[in-house]
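Ready to work through a fold with your viewer open? Try each exercise on your own, then check the solution below it.

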Amino acid sequence: MKYTQIDPELLLSTSDSTPMYQQIVNQITTKVMAGDWPAGQPLPSIRELASASRVSVITVKRAYAELGQAGVIVTRHGMGSFVADSPNLSHSLLQAEFTQHFEAMRACARRLGLSAEDIRKLLDDEQADWSAEPTRGSTP
């Protein structure tokens with residue numbers, strides 16, 4: 001398999017309240033989930049990405065460590081970092097994203113004083129709306 005060179009410059013914002021390392025994690029994860037960076041794809045070196053993105057080496061090192069712990073990338077001593085070769089990586093990442101959103105929804109529901117039954121009713125109503133929508137390719 002032939003890989004294209006990854007552009008080491010990411011779009012990082014100093015005005016964003018999200019820490020720089022987390023912006024790197026989010027952008028790389030998004031590229032992997034979208035299939036833009038396939039399994040086995042070599043990543044820029046820590047120094048290369050730091051220089052291109054104008055952040056410290058420590059920031060990129062932390063982002064790569066987080067990505068490694070999440071199973072998004074693997075780092076091989078002396079060889080560099082690569083997109084993890086995991087058949088269920090995209091599914092796992094989507095599951096983790098869903099869980100994160102679900103937990104945020106639960107926290108918001110608690111702040112609103114919603115009961116578990118209130119949440120079930122809202123979900124049932126939403127599911128009824130989904131069932132009523134025509135599927136792609138069908139005629140009304």
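What follows is a set of short exercises, each with a worked solution.

Some ground rules: this is a predicted model, where local features need pLDDT of at least 70 and side-chain atom pairs count only at pLDDT 80 or more, while totals for chains, interfaces and linings use all residues. Residues are numbered from 1 along each chain as its sequence is written, and side-chain values use heavy atoms, with hydrogens and water left out.

**Exercise 1. Write down the order of helices and strands along the chain.**

Step 1: Take helices (H or I, at least four residues) and strands (E, at least two) as DSSP runs, numbered from the N terminus.
Step 2: Tally them, and you get five helices and two strands.
Step 3: Read along the sequence, and the pattern comes out as α-α-α-β-β-α-α.

**Exercise 2. Work out how β1 and β2 pair, and find the positive phi in their hairpin.**

Step 1: Strands pair if DSSP finds at least two bridges between them.
Step 2: Here β1 (residues 73-76) and β2 (residues 80-83) run antiparallel and are joined by four bridges.
Step 3: For a register check, look at T75, which stands opposite S81.
Step 4: Three residues sit between the strands, and G78 in this hairpin has a positive phi near 80 degrees.

**Exercise 3. Find a residue other than glycine with positive phi, and say whether it is buried or exposed.**

Step 1: The residue is R54, with phi near 60 degrees.
Step 2: Place R54 in the loop between α2 (46-53) and α3 (57-69).
Step 3: Apply the accessibility classes: buried is under 20% relative accessible area, exposed is over 50%, and partly exposed is in between (1.4 Å probe, protein chains only).
Step 4: R54 has a relative accessible area of 71%, so it is exposed.
Step 5: For the whole protein, buried residues make up 25% of the 140 residues.

**Exercise 4. List the salt bridges and place each one in its helix.**

Step 1: Look for a side-chain nitrogen of Lys or Arg within 4 Å of a carboxyl oxygen of Asp or Glu. That rule gives three salt bridges.
Step 2: E103 and R106 meet at 3.3 Å, N to O. They're three residues apart in helix α4, so about one helical turn separates them.
Step 3: In α5 (residues 116-132), R120 and E117 are also three residues apart, about one turn, and their side chains meet at 3.4 Å, N to O.
Step 4: K121 bridges to D125, with the closest N and O atoms 3.1 Å apart. These two are four residues apart in α5, again about one helical turn.
Step 5: Check accessibility: K121 is partly exposed at 48%, and so is D125 at 35%.

**Exercise 5. Which residues lie nearest the centre of the largest pocket, and which helix gives the most to its lining?**

Step 1: Set up a 1 Å grid over the protein atoms alone; a pocket is an open set of points with protein on both sides within 12 Å along at least five of seven lines, and lining residues have an atom within 4 Å of a point.
Step 2: The largest pocket holds about 390 Å³ of space, a volume being the space filled by probe spheres set on the points.
Step 3: Of its 13 lining residues, Q22, N26, T29, E97 and Q100 lie nearest the centre.
Step 4: Both α1 (20-33) and α4 supply at least two lining residues, and α1 gives the most, with six.

Note on methods: On a 1 Å grid over the protein atoms alone, a cavity is a set of points where a 1.4 Å probe fits but cannot get out, and a pocket is an open set with protein on both sides within 12 Å along at least five of seven lines; lining residues have an atom within 4 Å of a point.
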